[in-house]
Amino acid sequence: MTAIAISEPGGPRVLKPVERPVPRPGEGEILIQVKAAGVNRPDVAQRQGLYPPPPGASELPGLEVSGVVAACGANVRRWQVGDEVTALVPGGGYAQYCLTHETNALPIPHGFTFTEAAGIPENYFTVWHNVFERGALKDGETFLVHGGSSGIGTTAIQLGKAFGARVFTTAGSDEKCHACRELGADRAINYKTEDFVEVIKTETDGRGADVILDMVGGDYVNRNYSAAALDGRIVQIAFLGGATAEVNFSKLMVKRLTHTGSTLRPRSTAFKGRIATELEAHVWPLLAARKIAPVMDMIYPLTEAWRAHEHMEESNHIGKIVLDVA
């Protein structure tokens with residue numbers, strides 16, 4: 001099969017097409033003939049040598065795919081050869097065939113293309129766990145999403161609105177802010193021209209945001225504490241602005257804040273399977289009804305994965321970048 005390997009840590013051009021044997025599914029695993037694969041920030045970090053795959057995972061990049069079940073390992077109960085699925089994978093998504101545990105795959109929502117379906121797993125698993133489980137976002141609460149035009153951000157805006165939150169978001173241009181409002185954000189804040197702390201305070205009559213989803217870190221940590229409401233929850237999922245900061249922790253105490261965070265890739269198969277079950281019950285009906293959907297930015301051929309990474313690092317995209325593998 002053709003796959004994309006990281007020849008050495010470095011820039012996008014280190015992503016090289018290679019020929020590899022088709023993997024064989026083990027106990028409880030399915031082999032997916034990949035039709036499309038999502039591109040995500042962790043793929044970029046892995047390419048740079050900053051985010052190694054967990055033990056036992058493929059060294060090939062790629063954390064989400066859509067395609068057709070090509071083979072089933074022993075004791076696979078749900079899937080049969082020929083089923084169309086979208087799946088969270090521990091690695092190896094940038095290839096014509098990929099393995100995942102059967103519990104980490106879900107049926108492609110009715111009416112979705114393979115390229116659309118490939119843009120679902122990583123973002124929806126991440127947002128569901130961090131916003132609705134760790135952040136405990138509830139109907140009627142105020143939700144601030146940083147990086148609203150990213151794949152994670154566009155997902156969080158839609159899910160936040162679908163479950164009754166008042167949604168604010170930050171983005172880096174007027175065009176991106178417009179796209180966020182089109183997705184349902186009540187207020188989009190251009191962080192280059194506005195102070196999100198002041199906007200949140202003004203828009204909430206000084207109360208602040210109940211839940212903040214942050215992928216920036218750095219000086220946003222202090223500012224998030226200022227923007228948060230009493231008993232607010234701040235969920236950290238990345239540190240694009242830096243992993244260290246000087247922080248006034250008195251706000252954490254005075255406001256009774258919870259600051260938590262998580263990573264998805266190293267978590268167990270069973271943990272991811274539990275999230276898949278929650279998504280199928282609560283989110284898949286919304287997808288099937290087209291009340292929400294991944295926002296598609298660009299689609300590149302598998303062999304031009306380096307171009308997809310260049311595009312992601314330019315940070316001009318709105319929504320998902322996907323590789324066409326078929």
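Of the contacts between residues at least 6 apart in sequence, 68% join residues at least 24 apart. The model of this protein is predicted. The protein has eleven helices and 15 strands, and its radius of gyration of 19 Å lies close to the 20 Å given by the globule rule for 326 residues, so the protein is as compact as a globular protein of that length.

**Overall dimensions and burial**

- Taken along the principal axes, the box filled by the C-alpha atoms is roughly 60 × 40 × 35 Å.
- Buried residues account for 54% of the 326 residues in the protein.

**Surface and charge**

- The protein exposes about 13500 Å², and 51% of this area is supplied by carbon and sulfur atoms.
- There are 32 positive and 37 negative charges, and the mean positions of these two sets are 3 Å apart.

**Helix α7 and its surroundings**

- Helix α7 spans residues 220–227, and six of its eight residues are buried, so the helix is largely enclosed by the rest of the structure.
- The buried residues of α7 are Y220, V221, N224, Y225, S226 and A227; burial here means under 20% relative accessible area.
- An α-helix has 3.6 residues a turn, so residues three or four places apart point the same way.
- The cover over the buried residues of α7 includes two helices, α6 (196–203) and α8 (250–254).
- Strands also contribute to this cover, among them β11 (209–214), β12 (228–236) and β13 (258–261).

Key: Residues are numbered from 1 along each chain as its sequence is written. This is a predicted model: local features need pLDDT of at least 70, side-chain atom pairs count only at pLDDT 80 or more; totals for chains, interfaces and linings use all residues. Side-chain values use heavy atoms; hydrogens and water are left out. Buried means under 20% relative accessible area, exposed over 50%, partly exposed in between (1.4 Å probe, protein chains only). Helices (H or I, at least four residues) and strands (E, at least two) are DSSP runs, numbered from the N terminus. Contact means heavy atoms within 4.5 Å. The radius of gyration is taken over C-alpha atoms; the globule rule is 2.2 Å times the number of residues to the power 0.38. Accessible areas come from the Shrake-Rupley method with a 1.4 Å probe; for residues, only the protein chains shown count as cover. Lys and Arg count as positive and Asp and Glu as negative; His and the chain ends are not counted. The place of a charge is taken as NZ of Lys, CZ of Arg, CG of Asp or CD of Glu.
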